[in-house]
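Reader: I have a sequence and a structure to look at. Where should I begin, and what can be read from it?

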Amino acid sequence: MTLVFEPQSPTLVPTSTGEAFPVRRIFCIGRNYEDHAKEMGFKADPEAPFFFTKFAETIVGDGATIAYPQGTANFHYEVELVAAIGKAGRDIARTDALSHVWGYAVGLDMTRRDLQMEARGKGRPWDAGKNFEESSPLGLLHPAAASLGDATKGEIRLTVNGEVKQQGNLADLINPLDRLIEFLSTLYTLQPGDLIFTGTPAGVGPVVPGDVMTCSIEGLSSLTITVGE
Ligand code: MN
């Protein structure tokens, strides 16, 4: 059968092994550091992780310049540890969860904060605030064993134009990665290529055209992104 149009090729993320990792779905965890939950006006609840999703095509790579998005006047950064799933599973036991992880990267959950807050206030979905073109910059993916292991510690930080804006530690994740995988796998059959953005520490804030964000997590390659017009 002929195609109506040529399909877009899958989103491929470069890895430190020289391979390309095809991305399937993106799950983003909300309010997973206590200090960030607080700055957003909430008290963290360790019993109840929650999440939203983004299109795989929102990913852009290290060194990219991302266009300042339409429809917002408050474009925010959120630096996050990203885990890449390499093995399928549903109802995964917490003790087995980390065996489903292929590797880790530094990511940015870019957010149209004004649209997110408006949706939140009206009890509506967050899609317009979170899931838009170029909203998910992602650094080089490193195999788990050769980088963060179980990802339970390591400094995470973000600078804008060299000034430190976010600084935290993976040890402060309210729901650590094994718990997040257990939780998501009660709702979806996780598949190879799925990414989990694990949440951001305090210090989120706006960027404007010309700003350069540099994101790092101890043990991983850093991620540098410029904001364009
Ligand atoms: Mn986030």
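**Questions on a predicted model**

Reader: Which residues are the protein donors of the manganese ion, and how far from it do they lie?
Author: The model is predicted. Two glutamates and one aspartate supply oxygen donors to the manganese ion: E78 (OE), E80 (OE) and D109 (OD). Their distances from the ion are 2.0 to 2.1 Å.

Reader: What spacing do the donors follow along the chain?
Author: The donors of the manganese ion are E78, E80 and D109. Written as a pattern along the chain, their spacing is E-x1-E-x28-D.

Reader: How many residues apart in sequence are the parts that E78 and D109 tie together?
Author: E78 sits in the loop between β7 (75–77) and β8 (79–85). D109 sits in the loop between β9 (101–108) and β10 (111–112). The pair therefore links parts of the chain whose separation in sequence is 31 residues.

Reader: Is D109 buried or exposed?
Author: D109 is one of the donors of the manganese ion, as is E78. Both E78 and D109 fall in one class, and that class is buried.

Reader: Which side chain makes a polar contact of 2.7 Å with D109?
Author: Strand β4 (residues 51–54) contains K54. The side chain of K54 has a polar atom 3.4 Å from the backbone oxygen of M110. The side chain that joins D109 in a polar contact of 2.7 Å is that of K54.

Reader: Why does K54 count as buried?
Author: Leaving aside neighbours within four places in sequence, K54 is in contact with several residues, including I26, C28, K130 and S135. Buried means under 20% relative accessible area. K54 counts as buried because its relative accessibility is 4%.

Reader: Where does N175 lie, and is N175 buried or exposed?
Author: N175 is in the loop between β14 (163–169) and α4 (177–184). Leaving aside neighbours within four places in sequence, N175 is in contact with N32, P46, P49 and L180. With a relative accessible area of 5%, N175 is buried.

Reader: How many of the residues of α4 are buried?
Author: The buried residues of α4 are L177, D178, R179, L180, I181, F183 and L184. They pack against β3, β4, β8, β9 and β15 (195–197). The helix α4 is mostly covered, and the count of buried residues is seven of eight.

Reader: Why are the buried residues of α2 on the same side?
Author: In helix α2 (residues 113–121), the buried residues are R113, Q116 and A119. They are on the same side of α2 because the arc they cover around the axis is only 130 degrees. An α-helix has 3.6 residues a turn, so residues three or four places apart point the same way. What covers the buried residues of α2 includes β7, β10 and α3 (127–130).

Reader: Which residue with a positive phi follows α2?
Author: The phi is near 70 degrees for the residue that follows α2. That residue is G123.

Reader: Which strands are the edge strands of the open sheet?
Author: Five strands form this open sheet, with mixed pairing, in the order β6-β18-β17-β13-β14. An edge strand here pairs on one side only. The edge strands are β6 (65–66) and β14.

Reader: In which sense do β6 and β18 pair?
Author: Strand β18 (residues 223–227) shares two bridges with β6. One bridge partner of I66 can be named, V227 in β18. The sense of the pairing is parallel.

Reader: In which sense does β13 pair with β14 and with β17?
Author: β13 and β14 pair over six bridges, with V160 opposite E163 in β14. β13 and strand β17 (residues 212–217) pair over five bridges, and R157 has S216 as its bridge partner in β17. For β14 and for β17, the sense is antiparallel.

Reader: Which residue takes a positive phi in the hairpin of β13 and β14?
Author: The hairpin has two residues between the strands. The residue asked for is in the loop between β13 (155–160) and β14, and it is not a glycine, with a phi of about 50 degrees. It is N161.

Reader: What is the phi of R31?
Author: R31 lies in the loop between β3 (26–29) and α1 (34–39). At 24% relative accessibility, R31 is partly exposed. R31 is a residue other than glycine, yet its phi is positive, near 40 degrees.

Definitions and conventions. Residues numbered from 1 in each chain as written. Predicted model: local features only at pLDDT ≥ 70, side-chain atom pairs only at ≥ 80, totals over all residues. Heavy atoms only, no water. Helix = DSSP H or I, 4+ residues; strand = E, 2+ residues; numbered from the N terminus. Buried < 20%, exposed > 50% of the residue type's maximum accessible area, 1.4 Å probe, protein only. Polar contact = N/O pair within 3.5 Å; in protein donor to acceptor, adjacent residues only side chain to side chain. Contact = heavy atoms within 4.5 Å. Donors = N, O, S within 2.8 Å, 3.2 Å for Na, K, Ca; no water. Pairing = 2+ DSSP bridges. Arc of directions from axis to C-beta.
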